[in-house]
Amino acid sequence: MINQTYDANNIFIPVPHKIMDIITETEIDKTYRLNLNVAGLPSYGQFYEVSLPKIGEAPISVSDFEKDWIDLTIRKIGTLTNCIHSLKIGDVLYLRGPYGNFFPVDSFAGKHLVIAAGGCGLAPVRSVINYFYRNLEKLAKFELLMGFKTINDLLFKYDIDRWEKKFKSIITLDHGCDLWADRPVGLITDYVGQVDFSDKENICVIIVGPPVMIKFTADKFVAAGIKKENIIVSMERRMSCGVGKCGHCKIDSTYICCDGPVFTYERAERFID
Amino acid sequence: MKRNITKNEFNLFFNLLNIHYDIFAPVRKKGQGAFSDTDIIYYEKVVTFDEIEWAEKSTYSPKDIVFPVSQTIINFIEDRLFIPNMKSSKPIYILMRPCDINGIKRIDEIFLNNGPSEDFYYKRIREKISFALIECIDGFENCFCVSMNANKNSDWDFAISLDKYRPFISIEIKNAKIENIFHSMVTDASNIAAPEVANKNFEICFPEKNLKKVMLPNINEMPASIYSDSEFWDEYKNRCIACGRCNTTCVTCSCFSTNDIRYDDSQNVGERQRVWASCHISKFSMMAGGHEMRKDNASRMRFKTFHKIYDYKKRFGEEKGHMCVGCGRCDDNCPEYISFSMIINKLSARISADINEGKK
Ligand SMILES: Cc1cc2nc3c(=O)[nH]c(=O)nc-3n(C[C@H](O)[C@H](O)[C@H](O)COP(=O)(O)OP(=O)(O)OC[C@H]3O[C@@H](n4cnc5c(N)ncnc54)[C@H](O)[C@@H]3O)c2cc1C
Ligand code: SF4
Ligand code: SF4
Ligand code: FES
C-alpha cells in the first residue's frame, strides 16, 4: 500500500510479492517462489532488488521463472538475508526490477552450449539450463559443468536429477565423501578437458561463479581454443541502486548493474576494479 | 537586461524574488571550519545581500541542495509505504560560480541519463532549480577550471558582479520572468543608482586562467599498465587517510548508499534512506561476505582519479566533458595536503613518458 504521492516514474518503490513456496536447498540456501503479479517478467540472468521494509535491500538473481512466478535462491549471509530466511509461505518480499542485461538465449540456437557454474553461481543460469532442458532441439549440443564445495552445498538437486538424464552433466565436489564415491572430485577447472571440443568454432560457453573460479575456468577454455568473445560471464559487484545511479558497482566506464551483469569474457577480462 | 544597482535595490529585488523562489547562496559560518579559527562556507537560503559570501569560494559545493547528504526515500508505517513530499514546493534559484553550475550539469548526467530511467528523487527537485551566476574572474588558489574546460557557462537566468562599478552591483538578467520581477520593484529615487551609473554597460566575465594548470592525459585508451603501477599509486596508500573529505566537498561526487532503519521505540515504523557514499572510505566496494574489491587507499585513489578525468567522458561523450570541473575543493580540504591537480599532472607526465619511450 502506497500513499497518493506515489509516482509511476519512481523506480525505487518496491512492490510486495507473495511467497508461494519455499524450498530448502542447503543449510544456508533457500529458494523462494514468488507470485509474479506486478513486477515485469524477467529475462534469463536478470536480477531484482529485493527488500524487506526497515531491514534492507539487496540484488538477487532470478533463479528461474515462468509466466506467473519467479524463483529467487537466497544465501543467508547478512542482515537482510538472515531475515528473509525466517519468512514463511504466505509472507511477502518486496521487489523492484527486473534489472540488468541477460543471457542471449536466442543467439545460442544451433550452437554447442557449455555452461560452467560454481556454487551459487548456478542460480543466475538455472533459468537458461531449464530453458534448454525444455528446448534441447534448439542446440547442436549441450554440456553442463557444476562445482560445489561439499555434498551439503549442492543446489537444485531435484533439477540436477532431471538434467543428468537429458544431457551431459558433470558435477564435481571440491571435497568428496563416502556418499560421493566414484563421482568427480576436484575443482571445476580439472573437468574442462572433458568437454567435447570437436567443433570449437561452434562452441559458446557461459561461466558463472566466484571471480577466481570465473578467471581460471575461462583461461582453461581459452587454452582449449575457445575465443574470448564466445565466452560469456555474469559478474557480481557491490550494488546499491541497481539502476546506474549510486556508483557502487562501477568499474572503469562500465556500470555492472545496467551494462551487465552479463559480459563477454573478452570485455570482462579487461575490467580492473 | 543589464543594470548597475545599489545594495538597497538588490535587497528589494531579492525580497520580491523570495516571494516566488527559494534562493540559495554561499553563507559564511564563523569559526565552524575543520581547523581551529577557520570559517566554513556552505549553501543556505538567503534573503539579503549581506548574508551572502561573495568574495570566497564555498567550502562545500551546492550539490546538497539537489542531492542531500541524507534523504528519506520511503517511510514505512506498518505495512504501508509513504513517499515523503518535498520540504518546499517553491522553485529555487542557486547562486553559483561557473564551475559549480557545470558541476551540477555533470551529476545531472548520472541521475537523469545513466541507467534505465531517471532518478525520481533527484529529478523532482532538479526540475525546480534554476541557476544564477556569481561572476568569477580570478578563481582561487587551487582552482583549475580553465584546464577542465568548465570555466564558462551560459545556463544562468541572471548574473551578478560586484567588480564592475563598485560600490554598485551589476546585474544581468536573461530571463523574462525575472526581468518582470526586477521591474516591479518600487523604490524612491534616493535609494537607486543615478541613471548615468545604472545604465553603464558591462560584460559578465569568466576566469581565463588559473594559478593551477593541469595537463590531461592526451590518449583515447588508458594503458592497462598504469592501473597496476604500484609505484605510481602507492604514494597514496598511506598518505591518504580515507577520510572522504575530498568526496563530500566535491561538486561532482554523486555516489550514495541505501540504508533501512527502524526507529527504536517501534519496530513498525522506519525508513529507507539514501546517504552520500565515498569511494575513498572502506566498504564502498565491499560485497556481502566481506570481500572488498578495492582494499587499499592507493587503488581507491586510482579509481577516483579515472572516474573524474577519464571514465565519465568516455561513457557520456566528448561534449559532456570530464566529470571533474576543477573546482579545487578536494585540494582545499584534504587534511593530508594531497593535491588532485598534481595527481592529474603526474599521471599525464607518466603517460607521455611511456608514449615517448614507445611503451604501451
Ligand atoms: C547481480 C547480483 C546478483 C546476486 N544474486 C544473488 C542470488 O541470486 N542469491 C544470493 O544469495 N545472493 C545474490 N547476490 C548477493 C547478495 O546481493 C548479497 O548476498 C546480499 O547483498 C546480502 O545482503 P545482506 O543484507 O544479507 O548482507 P550484509 O552483509 O548484511 O549487507 C549487504 C551489503 O551491505 C554492505 N554492508 C554491510 N554492512 C555495511 C556497513 N556497516 N557499511 C557499509 N556497507 C555495509 C555489505 O558489504 C554488503 O555488500 C547477488 C549480488 C549481485 C550484485
Ligand atoms: S575532483 Fe576536486 S577539483 Fe574536481 S570537481 Fe571534485 S572537488 Fe572539484
Ligand atoms: S581528503 Fe585527502 S585524505 Fe581524505 S580521502 Fe580525500 S585524498 Fe584521502
Ligand atoms: S548498483 Fe548503483 S550504479 Fe550500479
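These notebook entries record what I looked up in a predicted model of two chains and their ligands.

**Entry on the interface**

I began with the contact between the chains and found that 41 residues from chain A and 54 residues from chain B take part in it. I then looked up the area buried between chain A and chain B, which comes to about 4,000 Å², with carbon and sulfur atoms giving 57% of that area. On the side of chain A, I noted that Lys54(A), Lys245(A) and Asp273(A) supply 20% of the area that this chain buries against chain B, more than any other three residues.

Turning to the polar side of the interface, I found 25 residue pairs in polar contact across chain A and chain B, counting pairs with both residues at pLDDT 80 or more. The rule for salt bridges finds three of them across the interface. I also wrote down the salt bridge in which the side chains of Lys250(A) and Asp311(B) meet, at 2.7 Å from N to O.

**Entry on ligand 1**

Where does ligand 1 lie? I found ligand 1 between chains A and B, with 21 residues surrounding it, the closest being Pro59(A), Thr73(A), Arg75(A), Thr81(A) and Met286(B).

I then went through some contacts of its oxygen atoms with chain A. For Thr81(A), the partner is an N or O atom in the side chain, and an oxygen atom of ligand 1 is 2.5 Å from it. For Thr79(A), the partner is a polar backbone atom, 2.9 Å from an oxygen atom of the ligand, and for Leu80(A) a polar backbone atom is likewise found, at 3.0 Å from an oxygen atom of ligand 1.

**Entry on ligand 2**

I next listed the surroundings of ligand 2, which include Cys250(B), Cys324(B), Cys327(B) and Cys330(B), together with Phe144(B), Phe340(B), Lys308(B) and Arg329(B) among others. Sorted by class, this shell holds seven nonpolar, three polar and two charged residues. The space that ligand 2 takes up is the second largest cavity.

**Entry on ligand 3**

Which cavity does ligand 3 take? I noted that the space taken by ligand 3 is the largest cavity. I counted 13 residues around this ligand, and the closest are Cys240(B), Cys243(B), Gly244(B), Cys246(B) and Cys334(B). By class, I recorded nine nonpolar, two polar and two charged residues in the shell around ligand 3.

How values were computed: Residues numbered from 1 in each chain as written. Chains lettered and ligands numbered in written order. Predicted model: local features only at pLDDT ≥ 70, side-chain atom pairs only at ≥ 80, totals over all residues. Heavy atoms only, no water. Near = heavy atom within 4 Å. 1 Å grid on protein atoms, 1.4 Å probe; cavity = no way out; pocket = protein on both sides within 12 Å on 5 of 7 lines; lining within 4 Å. Sits in = over half its atoms within 2 Å of the grid points. Nonpolar A, V, L, I, M, F, W, Y, C, P; charged D, E, K, R; others polar. Contact = heavy atoms within 4.5 Å. Buried area = accessible area lost by both parts, 1.4 Å probe. Salt bridge = Lys/Arg side-chain N within 4 Å of Asp/Glu carboxyl O. Polar contact = N/O pair within 3.5 Å; in protein donor to acceptor, adjacent residues only side chain to side chain.
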